[in-house]
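Visitor: I'm new to this structure, and I'd like a close look at just one part of it. Could you take me to the helix at the start of the chain and tell me what surrounds it?

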Amino acid sequence: MTGIGSDLIGVIAAAVGAAAVLYAGMHLARKLGLSPAAWLLPAGIGLSMVAYSVWNDYAWFDRAQASLPAGSQVLVVGHDSQPWAPWTYLFPVETRFAALDPAQITQGADGTRRAPIMLVERRGQTVIVPQDFDCAGARIRPGRADWMPAGDDAAFATVCPEGGTNG
């Protein structure tokens, strides 16, 4: 399960765990003669749900990167700020990235190279897009599009580290 479903299950599990711990703590406090406020239980549960959600958003990139094949390189990372999470305007959260596995680069008969680019999104499906590279001509052809200048493309720099020569 990916996306919103697994996030929801995680938030519910955090809430149930927090409820159990807080309930036991409040019960112990009452046994010791203290009288904790009744609002502490729902407030603690809500706080644990928010804390888990924030942690999950910020930890996603590291977990996703760790699940890539060994030797994979992250090419570009996309950050977003979200209105329902105002702290992301100060500390944007990673929501997508492009990666390349150098072990998957193949050499074409015409001197070009082909590499599958992995496009990974936080709450979406991972898409693998084959991209062609003409190292000698410093050109790229993403998907089934036309050839275009490579410019400062991060994938080109990884696939053709020697630059404009087709070594």
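Guide: Let's begin on the outside: L8, I12 and V16 make a nonpolar surface patch of about 290 Å². Keep in mind that this is a predicted model. L8 sits in helix α1, which covers residues 4-31.

Now look at what α1 packs against. Its partner is helix α2, residues 40-66, and the axes of the two helices are 8 Å apart. The angle between them is about 145 degrees, and the crossing is right-handed. On the α1 side, the residues that meet α2 are D7, G10, V11, A14, A15, A18, A19, L22, Y23 and M26. Facing them from α2 are L40, L41, G44, I45, S48, M49, Y52 and N56. Sort the residues of this contact by type and you get 13 nonpolar, four polar and one charged.

To zoom in further, pick I45, which belongs to α2. Setting aside its neighbours within four places in sequence, I45 is in contact with A15, A18, A19 and L22. Those four are among the α1 residues listed for the meeting of the two helices. For a sense of scale, try A150 too: I45 and A150 lie 105 residues apart in sequence, and their C-alpha atoms are 51 Å apart in space.

Before you go, here's a different kind of pairing, further along the chain. Side chains of opposite charge can pair when their charged atoms come close. A search of the whole structure turns up nine salt bridges. One of them joins R96 to D80, with the closest N and O atoms 3.1 Å apart. This pair links distant parts of the chain: R96 is in strand β2 (residues 93-100) and D80 is in strand β1 (residues 73-80), 16 residues apart.

Terms used:
Residues numbered from 1 in each chain as written. Predicted model: local features only at pLDDT ≥ 70, side-chain atom pairs only at ≥ 80, totals over all residues. Heavy atoms only, no water. Axes fitted to C-alpha atoms, helices over the stretch in contact; angles between N-to-C directions. Left-handed = near helix turned anticlockwise from the far one by under 90°. Contact = heavy atoms within 4.5 Å. Nonpolar A, V, L, I, M, F, W, Y, C, P; charged D, E, K, R; others polar. Patch = residues over 30% accessible without salt bridge, like charges linked within 9 Å, V, L, I, M, F, W, Y side chains within 5 Å. Areas by Shrake-Rupley, 256 points an atom, 1.4 Å probe, with all protein chains shown as cover. Salt bridge = Lys/Arg side-chain N within 4 Å of Asp/Glu carboxyl O.
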